[in-house]
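Work through the following exercises with the sequence and the coordinates at hand, and compare each step with the solution given.

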Amino acid sequence: MPSPDPSDKAGSPRDIAALTGALTLEEKAALTVGIDNWRTASFPRLGIPSVRTTDGPNGARGDTRSHSSITPSVCIPSATSLGATWDPAVVERASAIVARQAREKDCRVLLAPTVNLHRHPLWGRNFECFSEDPVLTGKLAVAYIGGVQDNDVVATIKHLVGNEVEHERNTCSSEIDERALRELYLLPFEYGVRIAGVLAVMTAYNRVNGRFVPDDARLLDGILRNEWGFAGFVMTDWCGIATTVDAATAGLDLEMPTPARAFGPALVDAVRSGELDETQLDKMVHRMLTVFDRVGALDDVPVDEHPEDREEDHAFVRRAAADGMVLLTNDGLLPFEASGLHRIAVVGPNADRLTIMGGGSALVTPHYLLSPLALLRERLGGATEVTYAPGVAGNGVADKESIEAAVKSVEGADAVVLIVGTDEVWESEGYDRESMELPRNQDELVRRVLSAHPRTVVVVNSGAPVTLDWAESAAAVIQTWFGGQELANAIIDVLLGESEPGGRLPTTLPMCIEHTPAFGSFPGESSHVRYSESLLVGYRWYETRRLPVRFAFGHGLSYTSFEIGAPRPSASKLQPGRSLSVEVPVTNIGQRRGAEVVQLYVAPPGGGRSRPDGRFRPVKELRAFAKVWLDPGETATVSLEVNERSFAYYDIADTDWPALRARMPASVFNHGREPSSLHRSQPGWYVDPGTYQLRIGRSSADITHVVEVEVTGDDSPLPSSLLPQ
Ligand code: BGC
């Protein structure tokens, strides 16, 4: 599907060229900078209203200068929770709620989705991003953008690119090699632009390979606009700009927020002094007005914020939170048989005050907050006694709580629900986590409770991985993420078996921080963050390096069981220019309705080894997935599509090769082959011919079937029009 034309809208299209032409130089420049923290300039004489932007991924916060004292918002699950659903339909519906709420707050531009990758578990904003995998991230971003833009709100994909650390985020340079940039970090943006037709892009604060992104013509004008056909507008992250002419010529359109540092009046000066051609300013204004017109913003009249709290949203957000909940282990304790429970001991600081979202610009004021403890008491009625001991302080729990008291409270209980986790201060924007351990001595609390009571379910309420080195001693462990305003209800639904824990890990849970791919190069030093692991992010690293993990990417248990049947590929050979689908039957062989996620990974020949005659490839990479809900005994067939991009790598090419070769005596080359693929002159996506495996299963570590496919490939680059599947 080509990138949609932003001018292609229903409604009353304006003559944007004429509108741009009617603006004075000063007015055009004024449109390139915010007039306050969130809004663009208005020009009543031409009928151009102010357009209001709002954060952020898990809700529409609305017009505010601070992150507090704000009108309430529907708080949908944060991105790791949405990522764990592996379900584009859920993500699309969730983002549509945010878009609707944005409109209720008089906003037309939503500053979301965030599609940076989980490069390192301690990055402060992991909770705000979907996954460690660019294909899962990209496909969910497409769904998110669709839900927003179908509701006439501009989605802003952010932060382009290499924004995977908070430490010195305004100055650091992410040193990313070109293959990793193309194959991993740019890929979600490519999905967003080329498949979803996203209308706005936000640049990152950081530099990429030494150049600040707003000044980077190769990234903005080159890759984004010329290669991918992006037709929307590009804005800065808040205060993330320092140059005028460089940024304007690189392809940046809007500086946010006020006061202007580089655009606005400085652009007038640049045009007057001849440093910048006025036609460049015209293009910037034209792009912005075209997008505003596309969503109908040019016809808006200001309205007061009137956020609505709807029952139907409660029900959906509750289901979405359960759909993203990952049951990591279960020896049969769950779901609880409520009638057999006379006393439940609830323990842990997050049991009375859950964390439903992370901190920073993602913060919203939810319409309400729920306590799992109170809900459990309410829903179990008088039949089951529910006791509570926080165990440790924190998350609203007073400085006097003791682990001893908590351990004592579990004596004689029929089961223990231990809810531990982080909070929106621990996981936030602006700084990274210091440690992967649970804060405030909670790991000790967990160990002590687990040794005191064998029937304990540990509910982990964090937005990003925490160390779970006690997991094997627990009867059950659930990862809830930051699941939004209905998380408390969703937790009880899952404990009582009223909902399936439908999630699968969108990110690997490592054994320890020392095993992680970026250990040693995170958070960077001397203003440089070397992406030294290159292509080996997440499971690509653990599998290629043969390192054990605590829980593998894609893992998650169900309350029922499934059989994944023999896959049926539509062809055994993938010819150039063709795609291939694999039909996979899935049967629910258990007793309850539940969800399975079928995952397809492509394993290239010789993957994982550095070969003298080819390119280094990770052992395998996720290329397609499908989630299916089935009743007991029911079978459904899912279809997984791959095309040549699914098998390709990005070759940076070696234009120096002819000169280098000419320096050598011919005898140097006599002993070996000199395949042309080693030194191509044209950068691009290439596929090496060979027998590839399609590894199909229920996690990266649980592959149930392998299908071999002959890929013809040739030595020419894939057509630039070929979209990632
Ligand atoms: C964040 C952006 C956010 C912006 C506006 C910045 O600090 O990095 O993601 O949209 O603030 O709040």
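**Exercise 1.** Find the bridge partner of Ser 174 in S6, and place the two strands in their sheet.

Solution. The partner of Ser 174 in S6 is Val 208. Strand S4 (residues 173-175) and strand S6 (residues 207-208) pair in the parallel sense over two bridges, where strands are DSSP runs of E with at least two residues, numbered from the N terminus, and pairing requires at least two DSSP bridges. The open sheet has four strands in the order S7-S6-S4-S16, with mixed pairing. Strands S7 (211-212) and S16 (528-530) are at the edges, each with a single partner strand, so one side of each has no neighbour in the sheet.

The model is predicted, so local features need pLDDT of at least 70 and side-chain atom pairs pLDDT 80 or more, while totals for chains, interfaces and linings use all residues. Residues are numbered from 1 along each chain as its sequence is written, and side-chain values use heavy atoms, leaving out hydrogens and water.

**Exercise 2.** Determine how many disulfides the structure holds, and why Cys 107 forms no such bond.

Solution. The structure holds zero disulfides (pairs of cysteine sulfur atoms within 2.5 Å). For Cys 107 the closest cysteine sulfur, in Cys 75, is 16 Å away, which is too far for a bond.

**Exercise 3.** Describe the surroundings of the ligand by residue.

Solution. The ligand is surrounded by 13 residues (a heavy atom within 4 Å), and the closest are Asp 55, Arg 125, His 159, Asp 237 and Glu 429. A polar side-chain atom of Asp 55 lies 2.4 Å from a ligand oxygen atom.

Conventions: A polar contact is a pair of N or O atoms within 3.5 Å; within protein, one must be able to donate a hydrogen and the other to accept it, and residues adjacent in sequence count only if both atoms are side-chain atoms.
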